[in-house]
Amino acid sequence: MKVDLPGGFELDDDRDRVDVDAVHRFLVDEAYWVRGRSRETIARLVRESTRVLAAYAPDGSLAGFARVMSDASNMAWLGDVFVLEEHRGRGIGTALVREAVEDPRFSDCFWYLGTRDAHGLYAKFGFARADPARTMIRPRREA
């Protein structure tokens, strides 16, 4: 799947095209949710996630990223969604989320995600704040 976006940007779900170093650099240096993940872990997540989406600038460099984990029948989780700062404000984040949640393979799933600051983006696609009293988590074990 390749989709042309305004301004010469492109959306693609070819995981082999993803610049893992660029994804790792953003997630480790700028994202609040994954500090400390190794490059090897990020490479594995790109390789093994159910679906990987990336946005590319006109010069072919990575502009944004998102990934989906799903059983394709009941639940889907959207994670690691980001757009590099220099490419924000062009609708790239919206395009990434739309492509993820409107994929016919996952459109009827119960979707999950975590966010601290992008509630407005996800609300456009029917996400709503969950009841925290019903949410349980099991933290990662420390190495």
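Here are some questions and answers about a predicted model of a protein chain.

User: What order do the elements of the protein chain run in, from the N terminus on?
Analyst: Let's start with the tally: the protein chain has four helices and six strands. Laid out from the N terminus on, the elements run β-β-α-α-β-β-β-α-β-α.

User: What radius of gyration does the protein chain have, and what would a compact globule have?
Analyst: The C-alpha atoms fill a box of roughly 45 × 35 × 25 Å along the principal axes. For 143 residues, a compact globule would come out near 15 Å, and the protein chain agrees with that, since its radius of gyration is 15 Å.

User: What share of the contacts with a separation of 6 or more comes from residues 24 or more positions apart?
Analyst: Some background on burial helps here: 42% of the 143 residues count as buried. As for the contacts with a separation of 6 or more, the share from residues 24 or more positions apart is 54%.

User: How much of the exposed area do carbon and sulfur atoms supply?
Analyst: The protein chain exposes about 8,900 Å². Of that area, carbon and sulfur atoms supply 48%.

User: How far apart are the mean positions of the positive and negative charges?
Analyst: There are 22 positive and 24 negative charges in the protein chain. Take the mean position of each set, and the separation is 5 Å.

User: Why do the buried residues of α2 line one face of the helix, and which residues are they?
Analyst: Look down the axis of α2: its buried residues fall within an arc of 160°, so they line one face. On the other side, Glu40 and Arg47 are exposed. The buried set in α2, which spans residues 39-48, is Ile42, Ala43, Leu45 and Val46.

User: Which elements do the buried residues of α2 pack against?
Analyst: One helix and three strands are worth finding on the model. The helix is α1 (20-29), and the strands are β3 (51-56), β4 (62-70) and β5 (75-83).

User: Is His24 buried or exposed, and what is it in contact with beyond its neighbours within four places in sequence?
Analyst: His24 sits in helix α1. Its relative accessible area is 18%, and the cut-off for buried is under 20%, so His24 is buried. Leaving aside neighbours within four places in sequence, His24 is in contact with Arg37, Ser38, Arg39 and Ile42.

User: Why is α3 largely enclosed by the rest of the structure, and what do its buried residues pack against?
Analyst: Helix α3 covers residues 92-101, and eight of its 10 residues are buried, so the rest of the structure largely encloses it. Those buried residues are Ile92, Gly93, Thr94, Ala95, Leu96, Val97, Ala100 and Val101. They pack against β2 (10-12), β3, β4, β5, β6 (110-112) and α4 (119-123).

User: Which residues does His87 touch, not counting those up to four places away in sequence?
Analyst: His87 is in the loop between β5 and α3, and with a relative accessible area of 12% it is buried. Its C-alpha is 9.9 Å from that of Ala55, 32 residues away in sequence. Not counting residues up to four places away, His87 touches Phe9, Ala57, Leu62, Ala63 and Ile92.

User: What separates the C-alpha atoms of Cys109 and Asp71?
Analyst: Cys109 lies in the loop between α3 and β6 and is buried, at 9% relative accessible area. Among the residues Cys109 touches are Ser70, Ala72 and Asn74. Cys109 and Asp71 are 38 residues apart along the chain, and their C-alpha atoms are separated by 8.8 Å.

User: Where is Asn74, and which residues does it touch, not counting those up to four places away in sequence?
Analyst: Asn74 belongs to the loop between β4 and β5. Its C-alpha is 26 Å from that of Lys2, 72 residues away along the chain. Not counting residues up to four places away, Asn74 touches Cys109 and Phe110.

User: What is phi of Ala72, and what is phi of Asp80?
Analyst: Ala72 lies in the loop between β4 and β5 and is partly exposed, with a relative accessible area of 42%. Asp80 lies in strand β5 and counts as buried at 5% relative accessibility. Each has a positive phi in a residue other than glycine: Ala72 is near 65°, and Asp80 is near 55°.

Conventions. Residues are numbered from 1 along each chain as its sequence is written. This is a predicted model: local features need pLDDT of at least 70, side-chain atom pairs count only at pLDDT 80 or more; totals for chains, interfaces and linings use all residues. Side-chain values use heavy atoms; hydrogens and water are left out. Buried means under 20% relative accessible area, exposed over 50%, partly exposed in between (1.4 Å probe, protein chains only). Helices (H or I, at least four residues) and strands (E, at least two) are DSSP runs, numbered from the N terminus. The arc is that of the directions from the helix axis to the C-beta atoms. Contact means heavy atoms within 4.5 Å. The radius of gyration is taken over C-alpha atoms; the globule rule is 2.2 Å times the number of residues to the power 0.38. Accessible areas come from the Shrake-Rupley method with a 1.4 Å probe; for residues, only the protein chains shown count as cover. Lys and Arg count as positive and Asp and Glu as negative; His and the chain ends are not counted. The place of a charge is taken as NZ of Lys, CZ of Arg, CG of Asp or CD of Glu.
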